[in-house]
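Work through the exercises below with the model open. Each task is followed by a stepwise solution.

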Amino acid sequence: MAPFPNRRRSGARALILVLSAAVLMLPACSGDDADELVVYSGRSEELVGPLLERFSEETGISVAPRYGDSADLALSVASEDGRGDVDAFISQSPGATGYLAAEGQLEKLPDAVLDRVPEEDRDGDGAWVGLTGRARVLAYNPNLVDPADLPGSVFDLTDDAFAGDVALAPTNGSFQDFVTFMRSSAGEEATGDWLTAMADAGSPTFPNNVSIVEAIANNEVPMGLVNHYYIARAKATDPDVEVDYVLFDEGDPGSVLLATSVGVTKGADQPEAAQRLAEFLLSDESQQYFTEETQEYPLVEGIELSDQLQPLNELPVTRIDLNELGDGLEGTQRLIEASGLQ
């Protein structure tokens with residue numbers, strides 16, 4: 001296990017200024033709404049809004065984003081069934097795009113876009129492509145927890161010693177993807193038993209990773225399961241914030257590396273513009289933005305990491321073929337609901 005290094009962000013200021021200037025230069029959207037690129041984004045406006053605005057400024061394509069929960073937006077896209085109401089889908093997690101691919105709701109992306117990332121970070125049939133990597137970690141408050149006492153496996157969190165101390169976000173897409181991988185690697189029964197044990201132990205639940213990290217830093221809970229970059233962003237803002245993280249042993253589902261993703265929807269009114277957006281998000285410039293501003297791991301090779309991040313090859317992350325998460329969204333949601341976590 002490797003604790004998070006306490007280092008200050010130093011490389012992003014110039015990029016912030018460039019993107020901020022682009023936002024100020026961006027003209028107001030006008031013209032026929034049919035010419036707009038409609039983007040459903042499970043990633044928040046804070047995380048991807050500046051890039052969507054930069055894309056619009058560079059291409060002249062007007063972008064109409066709708067932000068929300070990745071799973072909810074995916075279900076909405078599926079219900080529209082290729083009517084062209086949505087052009088591009090950006091997901092917090094591969095599970096939501098995998099669900100849409102399994103439902104036949106995404107078009108094949110060009111090889112030039114797919115080849116920007118390794119095979120394990122894109123759909124086997126080319127329906128979606130990964131954008132950034134996020135490692136699942138165990139965040140903790142060093143004033144409340146000795147890292148030497150933390151377990152090497154996420155399954156050990158059901159021990160009595162941790163009862164009621166591990167914060168979870170059961171409705172969050174990344175948590176659901178982690179559970180889907182657990183189902184794939186450990187089996188349905190073992191995963192259901194783990195979820196039920198965590199619920200029975202009184203694990204506090206939160207709506208998202210941000211609220212878990214805030215609760216840990218405020219001494220409200222000792223630890224919680226989140227994505228690495230929420231701690232990295234907190235550290236970049238305040239190096240003295242009382243939250244660190246460890247990874248579980250390599251191969252453990254608790255340290256799985258998940259990817260954000262993008263796809264072009266079936267029957268999109270603006271398919272070429274949607275493909276251009278996917279290409280833009282995988283450009284070196286955008287990948288550099290992600291690592292410096294959101295503290296995520298770029299999936300395109302050759303991008304310099306933020307000062308806040310350790311190289312992936314130095315961490316015991318569990319790499320998987322993200323296609324394994326393809327059609328497990330609904331089954332995972334049912335299993336979580338059945339466990340009593342909410």
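**Exercise 1.** With which residue does Arg54 form a salt bridge, and how far apart are the closest N and O atoms?

Solution. Start with the ground rules. This is a predicted model: local features need pLDDT of at least 70, side-chain atom pairs count only at pLDDT 80 or more, and totals for chains, interfaces and linings use all residues. Residues are numbered from 1 along each chain as its sequence is written, and side-chain values use heavy atoms, with hydrogens and water left out.

Step 1. Apply the criterion: a salt bridge is a side-chain nitrogen of Lys or Arg within 4 Å of a carboxyl oxygen of Asp or Glu.
Step 2. Find the partner. Arg54 pairs with Glu58, and their closest N and O atoms are 2.9 Å apart.
Step 3. Place the pair. Arg54 and Glu58 are 4 residues apart in helix H2, so about one helical turn separates them. Helices (H or I, at least four residues) and strands (E, at least two) are DSSP runs, numbered from the N terminus.
Step 4. Check exposure. Buried means under 20% relative accessible area, exposed over 50%, partly exposed in between (1.4 Å probe, protein chains only). Arg54 has a relative accessible area of 12%, so Arg54 is buried. Glu58 is at 42%, so Glu58 is partly exposed.

**Exercise 2.** Which parts of the chain does the salt bridge between Asp284 and Arg116 tie together?

Solution.
Step 1. Confirm the bridge. The Asp284 and Arg116 side chains meet at 2.9 Å, N to O.
Step 2. Locate both ends. Asp284 sits in helix H11, and Arg116 in the loop between helix H5 (111-114) and strand S5 (129-140), so the bridge ties together parts 168 residues apart in sequence.
Step 3. Check exposure. Asp284 is partly exposed because its relative accessibility is 44%. Arg116, at 33%, is partly exposed.
Step 4. Turn to shared partners. Arg54, Glu57, Glu58 and Glu285 are joined into one network by salt bridges that share partners.

**Exercise 3.** Are Glu296 and Arg43 buried or exposed?

Solution.
Step 1. Find the contact. The side chains of Glu296 and Arg43 form a salt bridge of 3.0 Å, N to O.
Step 2. Trace the chain. Glu296 is in the loop between H11 and S10, while Arg43 is in the loop between strand S1 (37-41) and helix H2 (45-59); the two are 253 residues apart.
Step 3. Read the accessibility. Both residues, Glu296 and Arg43, are buried.
Step 4. Set this pair in context. The structure holds 12 salt bridges.

**Exercise 4.** What is the phi of Gln295, and what is the phi of Asn219?

Solution.
Step 1. Take Gln295. Its phi is near 65°, positive in a residue other than glycine.
Step 2. Place Gln295 in the loop between helix H11 (284-294) and strand S10 (297-298). Its relative accessibility is 0%, so Gln295 is buried.
Step 3. Take Asn219. Its phi is about 65°, positive although Asn219 is not a glycine.
Step 4. Place Asn219 in the loop between helix H8 (209-217) and strand S7 (223-227). Asn219 has a relative accessible area of 46%, so Asn219 is partly exposed.

**Exercise 5.** How many residues of helix H9 are buried?

Solution.
Step 1. Mark the helix, residues 228-237.
Step 2. Count. In H9, 9 of its 10 residues are buried, so the helix is mostly covered.
Step 3. Name some. Buried residues of H9 include His228, Tyr229, Arg233 and Lys235.
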